[in-house]
Every structure is written in structure tokens, then in C-alpha cells.
Amino acid sequence: MPDDTRARRRRAGAGLGVLFALVCAAVLLTALPDHDRDGGGACTARTLRSWSADARLTGEFARYGDDASRVDDWTGGDGTHSVRLPDGRVLWLFSDTYLGQVHGPPNPVGESYAWRDTSAPLVRNSAVVMSKDRRLETTLPTPVFPDPGPGRWRWPVAARVEPRSPGSSEQVVRVLLWTRTAGQAPWIYGVPTSTEVATLSLPDLRLEGITTALDQSSVTDPSRRVLFGTTVDAGAWTYVFGGDDGQAASRPASQAYLARVPRGRLGQPAAWEYWDGTGWGVRTRPSPVLGDGRRTGVGSAYTVVRDGGTYVLFTMAAGTAGLTTITSYWACAPTGPWHGPTRSFSPSLPQGQVAAYNPQVHTALSDGDRLVLSYDVNWLDTTGGVAAQANLSRNVALYRPRFVTLRLGKPGP
């Protein structure tokens, strides 16, 4: 079997307490550096107050993925991210993605699951367009972001609509990409290599170019390389959070890092600044803003939102709980201090040897105090991907996003 095919099959199956401090908001705000105050309102401690499954949105991806009328569209994937486009559509971005045709049940072993052939195409990234009435309509030609070279690939991890250039009335979509390179265990997700920014035209979503924001290939220890993803706007800045691959080095949790870019300039690498623990620098080595690598920290992919003047971070929990449990932290500034983990929850998982990962808030679908969060599901496998490949093919529902609705509030009984 070619190495690239074997790597893709391994990836297809890969993917695999409560403490919070109540601090007076006035005291915290007094201690914040001036450049982290953004006029977003008072900062108060935030925690999860309630959550419920979003069957309608989960079902829409099942409907689209099971549509057997097309043979070159999305039928399952992970790395779920979204961005609202100026015309009201929503662009959904995925990492590893199955294409091909889905067959109705029963599957070849007699189970009542929709299924796909084990030879179905697997691409490194894809994009699906949702209409204004929240119906999935079409898959863009795949892969949207071509591999940068043999044994290397790109995963989209966040997207924003920005002016083409500062002050321009023309808008484009900037997509943050993780570039990874095939490697040996424990790097079953690939070796972290760089953070890139792609530009898609509007309204036709055509790839115009890709530029490198931060190259980490010179960092000798791959577990210390930092890739940046989730973004949050605050005042004049777009904050970009990232993480290392500490979990691949057998640490229970990875650490979170922070960069910032003047709003509208994600596509300009020279405009990126990195937090070094005391201040911002263009060429500085990023320092962690969250995580001790043991009890506190983040998964390899996490999400951050603003709730008034408070920043809330959702991630898989540290340790073995991170296979099933989503938790959160809060802070009054992107640089911290971050408090938590606060209340956790374990969303529904299908039967089998599966795990949840990559919790992501979708602001394009959230409103008021209601947050829509997705999580991905994959088959756990220690056999190099053979068992995972078979299980993801015999039940196509396993490798698709699931959605929940969250409501935040102040900690209390």
C-alpha cells in the first residue's frame, strides 16, 4: 500500500474536577493592561448553565451526507468550522473528509446503518455551503486547499470575512490553515509545521492564494510547536488563539497561546504579534496563557467566544475525560488570567469505541444568550487505522458533526 494511502487511512480513524475562582470584576479590570480593555462591557465569571442536543442541525448534516444522488460531495468529515458570508449563506469548513456515495441500510454485515464502500475517496479538506434558510446545498470542488507537497497537508481551522485590504469596500474570506507533515507515532495527526492564511474570493469562494503566518518547522521538539486557529474580535484587534501538541507527547493537556492582528489584516503576516507572557512582539516566542500540562489546559482544537466583557473558552477536558467531556474556562482578557475549569458536560455519543473532540462554537448560528456548539466523533483505534476505516465505512453516521445548544450564566446553585 502506498505510504500516502496508509497515512490517510490512519488519519481517518485518528482523532482522537471542578474548580473555579470567583474574583471581583472591578479588581480584575483594574489589573488589566490598557491594550486588553476593549469596551465590551463588564466582566463577570461565566459558566455553563444548561445544554441540550440540537437535533435539527445534526439531522441536516445527516440528510445532506446520506443524499445518494451525488457521488462527489461531502458524506462525512471532522474539524468542523463555519463563517457567515455577507449574503447570508454559511460556509462550513472541514478537515479530513469522505466523498463518494452513501448506500442505504442494511450494510454488508446486516446492520441497520447507512454505509459507504471502504474505497470511498478521502480528501484532506472540504467546504460545504449552507443557504440562508440553513439548508446544506453544495460541496465546493475538493480539496479546497491543495497539499503543499508530498506527505504534507492543510486543515482549515477558522475563517473570517475581512476587507480585501484595510479600508477596502471589497470583502474576502480569510481561512486559517494548519499545515502538517506525515510522521511516525506518536504523531498520528501529523507533525505540526506551520500556520497559514488562505484567501477566498466573494461571492464565488474561489481560492486566490495562501501565505504563511508562522512557520514552526525550525522548532526541534514537535510537541513545542504552536499552531494558531480560533479567532475572536475585540476592539481594534482580532485575537488568534493556538495550541501546542503536548498531548502527543503524553501530557494530559496541551497549552494555549495567543496572537493578535489589527482587525482586517489576518492575511498580512507582518502584522501578527505574539504574547510572550509580559507583552506583545512580532518575532517573539509565544508563551502560554493557559495550561499547566496536567490538570488545566486545552485539547488540540478548542474555541473561544466573548460574552459581554468576558471571554469563554470551550475545550475537551484534561486526561481521559477528554474523550467524552467538554469543559470551559473564563477570563476578563484574552491574555488571562484564565479561571477554571468550570462546569463540564458530556454530550451524546453513538455506541461503539468512539470519542468526542474538537468542540467549536458557531457564532453564525448563535443568537442572544444561545450558543450553538459542535463536536466531532471518531472511532478509537490502536491498529493503525484498519479497524477505524472499517467502522467509519459500515456506519457513516459516526464521522459527522453533532450539535448542542448552550446557555451561559454566573456560577451559582
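**Figure 1. Strand β4 and strand β7 (residues 126–130) are joined by five bridges in the antiparallel sense.** The view is taken from a predicted model. Within this pairing, Trp 92 has Val 128 of β7 as its bridge partner. Trp 92 shares its direction from β4 with Val 90 and Phe 94, while Leu 91 and Leu 93 point the other way. All of these side chains belong to buried residues. Because five of the five residues of β4 (residues 90–94) are buried, the strand is largely enclosed by the rest of the structure.

**Figure 2. Strands β3 and β4 form a hairpin.** Strand β3 comprises residues 81–84, and its antiparallel pairing with β4 extends over four bridges. His 81 is placed opposite Leu 93 of β4. Five residues lie between the two strands. Among the residues of the turn is Gly 88, which has a positive phi of about 95 degrees. Leu 93, the residue facing His 81, is buried and points from β4 in the direction shared with Leu 91.

**Figure 3. Four strands form an open sheet in the order β9-β10-β11-β12.** The pairing in this sheet is antiparallel. Its edges are formed by β9 (152–163) and β12 (207–215), each of which pairs on one side only. From one strand to the next, the twist averages 25 degrees. Strands of a sheet pair through backbone hydrogen bonds, in either a parallel or an antiparallel arrangement.

**Figure 4. Strand β11 (residues 191–200) is linked to the edge strand β12.** Seven bridges join these two strands, which run antiparallel. Thr 195 stands opposite Leu 214 of β12. The loop between β11 and β12 contains Leu 205. The phi of Leu 205 is near 60 degrees, a positive value in a residue other than glycine. With a relative accessible area of 7%, Leu 205 lies under the 20% cut-off and therefore counts as buried.

**Figure 5. Asn 358 in strand β21 has a positive phi.** The phi value is near 55 degrees, and the residue is one other than glycine. Asn 358 lies within the strand itself, whereas Leu 205 is located in a loop. The relative accessibility of Asn 358 is 5%, so this residue counts as buried.

**Figure 6. The peptide bond from Pro 105 to Pro 106 is cis.** Omega for this bond is near 5 degrees. Pro 106 is located in the loop between β5 (97–98) and β6 (122–123).

**Figure 7. A cis peptide bond leads from Gly 340 to Pro 341.** Omega is near 5 degrees at this bond. Pro 341 is found in the loop that runs between β20 (326–331) and β21 (354–361). Strand β21, at one end of this loop, is also the strand that holds Asn 358.

**Figure 8. The protein chain contains four helices and 23 strands.** This overview gives the setting for the close-up views. The chain has 413 residues, of which 56% count as buried. Its exposed area is about 16,400 Å², with 53% supplied by carbon and sulfur atoms. Among the buried residues are those of β4, together with Leu 205 and Asn 358.

Methods:
Residues numbered from 1 in each chain as written. Predicted model: local features only at pLDDT ≥ 70, side-chain atom pairs only at ≥ 80, totals over all residues. Heavy atoms only, no water. Buried < 20%, exposed > 50% of the residue type's maximum accessible area, 1.4 Å probe, protein only. Pairing = 2+ DSSP bridges. Axes fitted to C-alpha atoms, helices over the stretch in contact; angles between N-to-C directions. Areas by Shrake-Rupley, 256 points an atom, 1.4 Å probe, with all protein chains shown as cover.
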